[in-house]
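Visitor: I'd like to learn how to read a structure feature by feature. Could you walk me through one?

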Amino acid sequence: MSFGIAFNASAQVQDLHPAGARILAALAHAAMLEQCTLTVTCGREGHGPTNPHTLGKAFDVRTKDLEVGRLLRVYESLRQILGRDFTVLYEVPSLQSTIQALKPIAYVNAHASAPHFHIQLRKGLAVWPAVDI
(Lines give C-alpha, C1' and ligand atoms only; values in the text may rest on other atoms or scores of the structure.)
Protein backbone atom coordinates (compact mmCIF):
# COMPACT_ATOMS: atom_id res chain seq x y z
CA MET A 1 0.00 0.00 0.00
CA SER A 2 1.36 3.43 -0.92
CA PHE A 3 0.68 6.67 0.89
CA GLY A 4 1.56 10.32 0.51
CA ILE A 5 0.06 13.27 -1.36
CA ALA A 6 -2.06 13.02 -4.50
CA PHE A 7 -3.38 15.90 -6.60
CA ASN A 8 -6.62 16.37 -8.52
CA ALA A 9 -5.84 16.99 -12.17
CA SER A 10 -7.18 20.54 -11.80
CA ALA A 11 -5.15 21.43 -8.68
CA GLN A 12 -2.50 24.00 -9.60
CA VAL A 13 0.59 23.85 -7.39
CA GLN A 14 3.23 25.71 -9.40
CA ASP A 15 4.99 28.89 -8.19
CA LEU A 16 4.16 28.39 -4.53
CA HIS A 17 4.83 30.80 -1.72
CA PRO A 18 7.21 29.21 0.85
CA ALA A 19 4.17 28.77 3.12
CA GLY A 20 2.51 26.65 0.42
CA ALA A 21 5.59 24.44 0.21
CA ARG A 22 5.50 24.07 4.00
CA ILE A 23 1.84 23.01 3.85
CA LEU A 24 2.66 20.33 1.26
CA ALA A 25 5.50 19.05 3.44
CA ALA A 26 3.14 18.89 6.44
CA LEU A 27 0.57 16.98 4.35
CA ALA A 28 3.26 14.48 3.32
CA HIS A 29 4.32 14.09 6.96
CA ALA A 30 0.72 13.58 8.17
CA ALA A 31 0.08 11.06 5.37
CA MET A 32 3.19 9.15 6.40
CA LEU A 33 2.15 9.13 10.07
CA GLU A 34 -1.34 7.86 9.19
CA GLN A 35 -0.18 5.68 6.29
CA CYS A 36 -2.80 7.15 4.01
CA THR A 37 -3.08 9.25 0.87
CA LEU A 38 -4.20 12.86 1.19
CA THR A 39 -5.57 14.40 -2.00
CA VAL A 40 -5.14 18.10 -2.73
CA THR A 41 -8.31 19.21 -4.51
CA CYS A 42 -7.58 22.93 -4.82
CA GLY A 43 -4.37 24.87 -5.10
CA ARG A 44 -3.90 28.20 -6.85
CA GLU A 45 -6.93 27.97 -9.17
CA GLY A 46 -10.48 29.25 -8.91
CA HIS A 47 -10.13 32.18 -6.52
CA GLY A 48 -9.69 35.96 -6.70
CA PRO A 49 -6.28 37.58 -7.14
CA THR A 50 -5.70 38.32 -3.43
CA ASN A 51 -7.02 34.99 -2.10
CA PRO A 52 -4.48 32.84 -0.20
CA HIS A 53 -5.12 30.02 -2.69
CA THR A 54 -4.19 32.20 -5.66
CA LEU A 55 -1.10 33.46 -3.82
CA GLY A 56 0.13 29.89 -3.24
CA LYS A 57 -0.47 30.08 0.52
CA ALA A 58 -3.48 27.73 0.85
CA PHE A 59 -4.72 24.29 -0.16
CA ASP A 60 -7.92 22.31 0.12
CA VAL A 61 -7.68 18.59 0.87
CA ARG A 62 -10.34 15.91 0.34
CA THR A 63 -11.61 14.23 3.51
CA LYS A 64 -14.35 11.92 2.20
CA ASP A 65 -11.77 9.10 1.89
CA LEU A 66 -10.89 9.26 5.60
CA GLU A 67 -12.79 7.43 8.31
CA VAL A 68 -13.69 9.61 11.29
CA GLY A 69 -10.84 8.54 13.60
CA ARG A 70 -8.21 8.98 10.92
CA LEU A 71 -9.67 12.35 9.88
CA LEU A 72 -9.41 13.59 13.48
CA ARG A 73 -5.82 12.32 13.79
CA VAL A 74 -4.78 13.95 10.50
CA TYR A 75 -6.43 17.21 11.60
CA GLU A 76 -4.52 17.22 14.90
CA SER A 77 -1.26 16.17 13.21
CA LEU A 78 -1.49 19.04 10.73
CA ARG A 79 -2.18 21.54 13.52
CA GLN A 80 0.81 20.28 15.51
CA ILE A 81 3.18 20.07 12.52
CA LEU A 82 2.30 23.51 11.16
CA GLY A 83 1.98 25.36 14.46
CA ARG A 84 0.47 28.74 15.15
CA ASP A 85 1.59 30.39 11.91
CA PHE A 86 -0.96 28.33 9.97
CA THR A 87 -4.71 27.75 10.10
CA VAL A 88 -6.12 24.24 9.67
CA LEU A 89 -9.89 24.11 9.21
CA TYR A 90 -12.28 21.24 8.67
CA GLU A 91 -14.75 23.13 6.47
CA VAL A 92 -18.30 21.89 6.00
CA PRO A 93 -21.20 23.37 4.01
CA SER A 94 -23.50 23.01 7.04
CA LEU A 95 -23.57 21.35 10.44
CA GLN A 96 -26.81 19.51 9.66
CA SER A 97 -25.10 16.78 7.64
CA THR A 98 -21.91 16.69 9.72
CA ILE A 99 -21.17 13.54 11.73
CA GLN A 100 -21.53 14.23 15.46
CA ALA A 101 -17.91 13.32 16.26
CA LEU A 102 -16.70 15.93 13.75
CA LYS A 103 -18.93 18.81 14.84
CA PRO A 104 -16.45 20.10 17.47
CA ILE A 105 -13.84 20.79 14.75
CA ALA A 106 -16.25 21.80 11.97
CA TYR A 107 -16.06 25.29 10.50
CA VAL A 108 -19.15 26.20 8.48
CA ASN A 109 -18.48 27.69 5.06
CA ALA A 110 -21.76 27.84 3.14
CA HIS A 111 -19.76 28.11 -0.11
CA ALA A 112 -17.94 24.80 0.48
CA SER A 113 -18.96 22.17 -2.07
CA ALA A 114 -18.17 19.33 0.36
CA PRO A 115 -16.43 18.74 3.69
CA HIS A 116 -12.66 19.21 3.35
CA PHE A 117 -9.54 20.48 5.08
CA HIS A 118 -8.65 24.07 4.26
CA ILE A 119 -5.07 24.87 5.25
CA GLN A 120 -3.46 28.28 4.88
CA LEU A 121 -0.91 30.70 6.23
CA ARG A 122 -2.51 32.48 9.17
CA LYS A 123 -4.36 35.66 8.17
CA GLY A 124 -2.39 38.80 8.92
CA LEU A 125 0.97 37.05 8.64
CA ALA A 126 2.58 38.88 5.73
CA VAL A 127 6.01 37.24 5.82
CA TRP A 128 6.77 33.57 6.32
CA PRO A 129 9.04 32.30 7.53
CA ALA A 130 9.65 35.13 9.93
CA VAL A 131 13.05 36.70 9.51
CA ASP A 132 14.91 38.00 12.55
CA ILE A 133 17.13 41.01 11.93
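Visitor: Let me start with one side chain. Leaving aside its neighbours within four places in sequence, which residues is leucine 66 in contact with?
Guide: One thing before that: this is a predicted model. As for the contacts, leucine 66 meets Cys36, Leu38, Leu71 and Phe117 once neighbours within four places are set aside.

Visitor: Where does leucine 66 lie?
Guide: Leucine 66 sits in the loop between β3 (58-62) and α2. Its relative accessibility is 11%, so it counts as buried. Don't read every pair the way you read a contact, though: leucine 66 and alanine 112 are 46 residues apart in sequence and 18 Å apart in space, C-alpha to C-alpha.

Visitor: Now rings. How do I describe a pair of aromatic ones?
Guide: You give the distance of the centres and the angle of the planes. Planes over 60 degrees apart count as edge-to-face.

Visitor: How many aromatic pairs does a search of the whole structure find?
Guide: The search turns up 3. Take phenylalanine 86 and tryptophan 128: the ring centres are 5.2 Å apart and the planes stand at 75°, so this pair is edge-to-face. Phenylalanine 86 belongs to strand β4 (residues 86-92), while tryptophan 128 is in the segment after β6 (116-121), so the pair ties together parts 42 residues apart in sequence. Phenylalanine 86 and tryptophan 128 are both buried.

Visitor: What about tyrosine 90 and phenylalanine 117, what kind of aromatic pair do they form?
Guide: Tyrosine 90 and phenylalanine 117 make an edge-to-face pair, with 6.2 Å centre to centre and 70° between the planes. Tyrosine 90 is in strand β4 and phenylalanine 117 in strand β6, so this pair ties together parts 27 residues apart in sequence. Both tyrosine 90 and phenylalanine 117 are buried.

Visitor: Which residues form one aromatic cluster?
Guide: That would be Tyr75, Tyr90 and Phe117. You have already met Phe117 as one of the contacts of leucine 66.

Visitor: While we're in strand β6, is histidine 118 buried or exposed?
Guide: Histidine 118, placed in strand β6, has 8% relative accessibility and so counts as buried. Not counting residues up to four places away in sequence, histidine 118 touches His53, Ala58, Phe59, Asp60, Thr87, Val88, Leu89 and Glu91. For a sense of spacing, the C-alpha atoms of histidine 118 and valine 92 are separated by 10 Å, and these residues are 26 apart along the chain.

Visitor: On to helices. At roughly what angle do the axes of α1 and α2 cross?
Guide: The axes of α1 and helix α2 (residues 68-82) come within 9 Å and cross at roughly 135°. That makes α1 oblique to α2. The crossing of α1 and α2 is right-handed.

Visitor: Which residues in α1 meet residues in α2?
Guide: From α1 you have Arg22, Ile23, Ala26, Leu27, His29, Ala30, Leu33 and Glu34; from α2, Arg70, Arg73, Val74, Ser77, Leu78, Ile81 and Leu82. Sorted by class, the contact of α1 with α2 has 9 nonpolar, 2 polar and 4 charged residues.

Visitor: Can we zoom in on one of those? What does serine 77 touch, not counting residues up to four places away in sequence?
Guide: Serine 77, in helix α2, touches Ala30 and Leu33 under that rule. With a relative accessible area of 14%, serine 77 is buried.

Visitor: And on the α1 side, what does alanine 31 touch, not counting residues up to four places away in sequence?
Guide: Alanine 31 touches Phe3, Gly4, Cys36 and Leu38. Alanine 31 lies in helix α1 (residues 18-34) and is at 0% relative accessibility, so it counts as buried. Its C-alpha is 7.6 Å from that of valine 74, with their places 43 residues apart in sequence.

Visitor: Last topic, the backbone. What is phi of aspartate 15 near?
Guide: Phi of aspartate 15 is near 50°, a positive value in a residue other than glycine. Aspartate 15 lies in the loop between β1 (4-7) and α1, and with 64% relative accessible area it is exposed.

Visitor: Where is glutamine 35 found?
Guide: Glutamine 35 is in the loop between α1 and β2 (37-42). Phi of glutamine 35 is also positive, near 50°. At 47% relative accessibility, glutamine 35 counts as partly exposed.

Technical notes: Residues are numbered from 1 along each chain as its sequence is written. This is a predicted model: local features need pLDDT of at least 70, side-chain atom pairs count only at pLDDT 80 or more; totals for chains, interfaces and linings use all residues. Side-chain values use heavy atoms; hydrogens and water are left out. Rings of Phe, Tyr and Trp (its six-membered ring) pair if their centres lie within 6.5 Å; planes under 30 degrees apart count as stacked, over 60 as edge-to-face and the rest as tilted. Helices (H or I, at least four residues) and strands (E, at least two) are DSSP runs, numbered from the N terminus. Buried means under 20% relative accessible area, exposed over 50%, partly exposed in between (1.4 Å probe, protein chains only). Contact means heavy atoms within 4.5 Å. Axes are lines fitted to C-alpha atoms, for helices over the stretch in contact, and angles run from 0 to 180 degrees between N-to-C directions. Angles under 35 degrees count as roughly parallel, over 145 as roughly antiparallel, 65 to 115 as roughly perpendicular and the rest as oblique. A crossing is left-handed if the near helix is turned anticlockwise from the far one by less than a right angle, and right-handed if clockwise. Ala, Val, Leu, Ile, Met, Phe, Trp, Tyr, Cys and Pro count as nonpolar, Asp, Glu, Lys and Arg as charged, and the others, Gly among them, as polar.
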